[in-house]
Amino acid sequence: MEPRFDLNSNELAAKIGRRFAATSLAIMQSGLPKATLELVELRASQINGCGFCVDAHAKELAAAGEAAVRINLVAAWRESTVFTAAERAALALAEEGTRIADAQPGVCDETWARVREHYDDDQIAALVYLVAMINAANRLGVILHQKGGSYEAGMFAAMAD
């Protein structure tokens, strides 16, 4: 399947995309650890089946020096020992915030309490927006048939410049 539409070649889509990118940049500058940001984005992308985003966030983690075992175990984070308590709280938030349509009640009180335990208010704001934004990005990728495999680490940073 070929991509259906190039958002960057359409004037309105590019304008909206710049605002989307500005929000993402604010999240990236929030003080959350880069590994946490990428782990959350990778997990939501796995759940949503966005090949482009799975490719991008796995490669960003690898380029940042993350161990292959951590990248490979994101899909099974609950059954692994390689994530910190704070990362586990963020991954739970990502899953529950992503699986809303799967008969989930949204983010449960237990997960929210664990997030509050590990992150300050600014970091929580960034995490909440991060989950929302990666879900939006995943939907764009899936709707437009953006395939994984061609992403090169650092492309997102280059786009932000």
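Helices and strands are taken here as DSSP runs, with at least four residues for a helix and at least two for a strand. By that assignment, the chain of this predicted model contains 8 helices and 0 strands. In sequence order the elements read α-α-α-α-α-α-α-α. The radius of gyration is 15 Å, close to the 15 Å given by the globule rule for 161 residues, so the chain is as compact as a globular protein of that length.

The C-alpha trace spans about 45 × 35 × 30 Å along its principal axes. Of the contacts between residues at least 6 apart in sequence, 66% link residues at least 24 apart. Buried residues account for 37% of the 161 residues. The accessible surface of the chain is about 8900 Å², and carbon and sulfur atoms contribute 56% of that area.

Two residues from the helical part of the chain are set side by side below.

| Residue | Helix | Relative accessibility | Class |
|---|---|---|---|
| Trp 112 | H6 (residues 109-118) | 35% | partly exposed |
| Gln 123 | H7 (residues 121-143) | 16% | buried |

Trp 112, in helix H6, takes part in a nonpolar surface patch of about 220 Å², together with Val 107 and Val 128. Trp 112 counts as partly exposed because its relative accessibility of 35% falls between the limits of 20% and 50%.

Gln 123, in helix H7, counts as buried because its relative accessibility is 16%, and buried means under 20%. Leaving aside residues up to four places away in sequence, Gln 123 is in contact with Gly 31, Leu 32 and His 118.

Terms used:
Residues are numbered from 1 along each chain as its sequence is written. This is a predicted model: local features need pLDDT of at least 70, side-chain atom pairs count only at pLDDT 80 or more; totals for chains, interfaces and linings use all residues. Side-chain values use heavy atoms; hydrogens and water are left out. Patches are made of residues with over 30% relative accessible area and no salt bridge: like charges are joined within 9 Å, nonpolar side chains (Val, Leu, Ile, Met, Phe, Trp, Tyr) within 5 Å. Accessible areas come from the Shrake-Rupley method with a 1.4 Å probe; for residues, only the protein chains shown count as cover. A salt bridge is a side-chain nitrogen of Lys or Arg within 4 Å of a carboxyl oxygen of Asp or Glu. Buried means under 20% relative accessible area, exposed over 50%, partly exposed in between (1.4 Å probe, protein chains only). Contact means heavy atoms within 4.5 Å. The radius of gyration is taken over C-alpha atoms; the globule rule is 2.2 Å times the number of residues to the power 0.38.
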